[in-house]
Amino acid sequence: MSDPDADGLLAEQLLRLTRRLHRIQKRHLQEHALGITPAQSRLLRTLAHFGEPPRMADLAEALEVVPRAVTTLVDALEAGGTVRRAPDPANRRVIRVELTDEGHGALRRLRGARRDAAKEILAPLTPEQREALGGLLDTLVGTEPAQGTRC
């Protein structure tokens, strides 16, 4: 059995790290002049993983948010020219969301900003510590190790 105080300390450290990651990522997004918030960048990255343009409800489910939150994000990204709404060819009542050419370019710049943020956060760690951290995070998140995608 683990010490409740130690677990509380670890939880607090994880929360502080999460806030620091958010601040650093936000700064790198601004430095890369993307004009995209972290929430919008998450939607773009999620959108890119779909094989075909998803419905708004599909995005909400993938992002684990309410559909209204997706509508707000898509509105802002559409105004910025990175996504567009398109009617489903099989059912015109269904609206799909797709990346524009500008959206694909924004994703490339976004990946650069995320790499820069990761380098900054991980700079104090040795390669061995990075590998150990990656394994621990995979365990905590409950995912399979990501092959070749670690920063």
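Start by selecting Leu137: at 38% relative accessibility, this leucine counts as partly exposed. Its home is helix H6. Keep in mind as you click around that the model is predicted.

**The nonpolar patch**

With Leu137 still highlighted, add Leu14, Leu17, Leu21, Leu140 and Val141. Together with Leu137, they make up a nonpolar patch on the surface, with about 540 Å² of accessible area between them. Which helices supply the patch? Colour helix H1 (4-31) and helix H6 (127-141), and you have them: each one brings at least two of the patch residues.

**Along H6 and off its end**

Stay on H6 and try a quick sanity check on its length. The helix has 15 residues, so at 1.5 Å a residue it should span 21 Å, and its end C-alpha atoms are indeed 21 Å apart. Now step just past H6 to Gly142, where phi is positive, about 80 degrees.

**A positive phi without glycine**

Next, jump to Glu64. You'll find this residue in the loop that links helix H3 (56-63) to helix H4 (67-79). Check the backbone here: phi of Glu64 is near 60 degrees, a positive value in a residue that isn't glycine. Most residues other than glycine have a negative phi. Is Glu64 buried or exposed? Turn on a surface and look: Glu64 is exposed, because its relative accessible area is 72% and the cut-off for that label is over 50%.

**The positive patch**

Now select Arg108, Arg111, Arg115 and Lys119. These four gather on the surface as a patch of positive charge. Zoom in on two of its members:

- Arg108 lies in helix H5 (residues 101-122) and is exposed, with a relative accessible area of 56%.
- Lys119 is placed in helix H5 too, and at 54% relative accessibility it counts as exposed.

While Arg108 is selected, pick Glu52 as well and draw a distance between the C-alpha atoms. They are separated by 19 Å, with the two positions 56 residues apart along the chain numbering.

**Zoom out**

Finally, clear the selection and switch to a cartoon. The chain has six helices and two strands, and reading along the sequence gives the pattern α-α-α-α-β-β-α-α. Fit the C-alpha trace to its principal axes and you get a span of about 55 × 35 × 25 Å. If you colour by accessibility, 30% of the 151 residues of the chain come up as buried.

Definitions and conventions
Residues are numbered from 1 along each chain as its sequence is written. This is a predicted model: local features need pLDDT of at least 70, side-chain atom pairs count only at pLDDT 80 or more; totals for chains, interfaces and linings use all residues. Side-chain values use heavy atoms; hydrogens and water are left out. Helices (H or I, at least four residues) and strands (E, at least two) are DSSP runs, numbered from the N terminus. Buried means under 20% relative accessible area, exposed over 50%, partly exposed in between (1.4 Å probe, protein chains only). Patches are made of residues with over 30% relative accessible area and no salt bridge: like charges are joined within 9 Å, nonpolar side chains (Val, Leu, Ile, Met, Phe, Trp, Tyr) within 5 Å. Accessible areas come from the Shrake-Rupley method with a 1.4 Å probe; for residues, only the protein chains shown count as cover. A salt bridge is a side-chain nitrogen of Lys or Arg within 4 Å of a carboxyl oxygen of Asp or Glu. The expected span of a helix is 1.5 Å times one less than its number of residues. Lys and Arg count as positive and Asp and Glu as negative; His and the chain ends are not counted. The place of a charge is taken as NZ of Lys, CZ of Arg, CG of Asp or CD of Glu.
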